[in-house]
Amino acid sequence: MTSPGPADLVVTRASPDAWRVVSGWAAAEGWNPGLADADSFFAQDPDGFFLGRLGGEPVSAVSVVNYGADYAFLGFYLVRPDLRGRGYGLATWQTGLAHAGGRTVGLDGVVAQQDNYRRSGFELAHRTSRFSGTVPVAGTPTGVRPAGAADLAAVTAYDSACCPADRPRFLKAWLGGTGHRSFVRHTDGRLSGYGVIRPGRDALRVGPLFADTGEDARALFTALTGEAAGREIAIDVPGTNAAAVALAEEFGLVPSFDTARMYTGPVRPFPVERVFGVTTLELG
């Protein structure tokens with residue numbers, strides 16, 4: 001009997017319900033997906049999630065989420081382990097990338113796959129390291145409070161200044177996600193940073209953590225982890241920000257794995273020194 005090949009694969013857009021199987025695959029890979037991520041992910045671009053099926057059975061996945069007219073982000077590039085090396089991943093990848101059109105596409109990919117990504121036009125921008133561990137209880141930081149509905153406009157503007165694209169739909173869902181806790185910091189009457197922590201499969205995940213200075217980031221991180229003493233924390237830190245790496249180390253976190261942030265073209269400039277923790281490895 002002939003085994004099914006790439007021509008037998010049917011790649012279609014996935015619904016949030018169908019995407020649950022992919023979250024399970026991501027957990028099995030040790031990616032520690034957030035427990036309520038899907039709602040926020042689909043809020044940004046509900047057409048950007050793709051499943052490859054053989055005989056109706058999901059076997060491959062990719063997401064390519066569009067942010068405006070110029071930028072998209074690729075994630076969740078997965079093939080079921082028992083079916084790898086048969087071309088299903090590439091067929092799914094190509095369908096997903098077509099959704100981005102002429103946009104610059106970013107991704108955070110495992111380092112071992114960099115050469116494969118380069119063949120699709122991606123170039124390395126920087127490394128990102130996941131730092132994890134437990135943090136001690138600390139005192140209440142000054143100038144930090146939980147984010148509320150009245151903060152949405154200011155946080156959205158701040159977020160836009162720290163990213164290659166505006167993402168208001170995603171951010172509104174992210175700040176209000178089930179189990180998500182968000183904090184803002186004000187310095188001299190203005191917003192000087194914000195951060196979010198959410199429950200994941202294996203650890204609480206901090207992201208984003210955007211701040212003007214190391215002091216602002218430290219205060220926010222202290223607030224975010226204030227109710228998590230003894231629990232595992234994970235934060236994805238860009239290697240371009242030495243102060244962010246130092247902050248993770250200051251709290252006793254240690255690197256567990258690296259990814260490669262890569263782009264297919266130019267992206268809107270943003271101050272990398274404000275990015276102390278990326279939002280997610282799945283959507284940028």
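Two strands count as paired here if DSSP finds at least two bridges between them. Keep that in mind for the first close-up, and remember throughout that this is a predicted model.

**View 1. Strand S5 and its two partners.** On one side, S5 joins strand S12 (residues 254-263) through five bridges, with the two running antiparallel. Look for Leu-107 here: its bridge partner in S12 is Met-262. S5 also pairs with S4, this time in the parallel sense and over four bridges. In that pairing, Gly-106 of S5 sits opposite Phe-73. How many of the seven residues of strand S5 (residues 104-110) are buried? Six of them are, so the rest of the structure largely encloses this strand.

**View 2. The S4-H3-S5 unit and a ring pair on its helix.** Put S4, H3 and S5 together and you get a β-α-β unit, right-handed in sense. Helix H3 (residues 88-100) carries Trp-93, while helix H4 (residues 114-119) carries Tyr-117. These two rings form a stacked aromatic pair, 5.6 Å centre to centre with 10° between the planes. The partners are 24 residues apart, so this pair links distant parts of the chain. Are Trp-93 and Tyr-117 buried or exposed? Both are buried.

**View 3. The largest nonpolar core.** This core has 35 residues, and Trp-19, Val-22 and Tyr-194 have the most contacts inside it. Plenty of elements chip in with at least two residues each, including helix H1 (16-28), strand S3 (57-67), strand S4 (71-79), helix H5 (152-161) and strand S9 (190-198). Apart from this core lies another one of 25 residues, among them Phe-131, Ala-219, Leu-220 and Ile-235.

**View 4. Zooming in on Trp-19.** Which residues touch Trp-19, once neighbours within four places in sequence are set aside? The contacts are Ala-14, Phe-42, Phe-49, Phe-50, Leu-51, Ala-61, Val-62, Ser-63 and Phe-76. Trp-19 also belongs to a cluster linked by ring pairs, together with Phe-41, Phe-42, Phe-49, Phe-76, Phe-170 and Trp-174. Across the whole structure, the search turns up 15 aromatic pairs.

**View 5. Helix H7, tucked in.** Eight of the eleven residues of H7 (residues 214-224) are buried, so the helix is largely enclosed by the rest of the structure. The buried set is Asp-216, Ala-217, Ala-219, Leu-220, Phe-221, Thr-222, Ala-223 and Leu-224. Ala-219 and Leu-220 should look familiar, as they are among the residues of the 25-residue core.

Definitions and conventions: Residues are numbered from 1 along each chain as its sequence is written. This is a predicted model: local features need pLDDT of at least 70, side-chain atom pairs count only at pLDDT 80 or more; totals for chains, interfaces and linings use all residues. Side-chain values use heavy atoms; hydrogens and water are left out. Buried means under 20% relative accessible area, exposed over 50%, partly exposed in between (1.4 Å probe, protein chains only). A nonpolar core is a set of buried Ala, Val, Leu, Ile, Met, Phe, Trp, Tyr and Cys residues joined through side-chain atoms within 4.5 Å. Contact means heavy atoms within 4.5 Å. Rings of Phe, Tyr and Trp (its six-membered ring) pair if their centres lie within 6.5 Å; planes under 30 degrees apart count as stacked, over 60 as edge-to-face and the rest as tilted. A crossover is right-handed if, with the strands pointing away from the viewer, the path from the first strand over the helix to the second runs clockwise.
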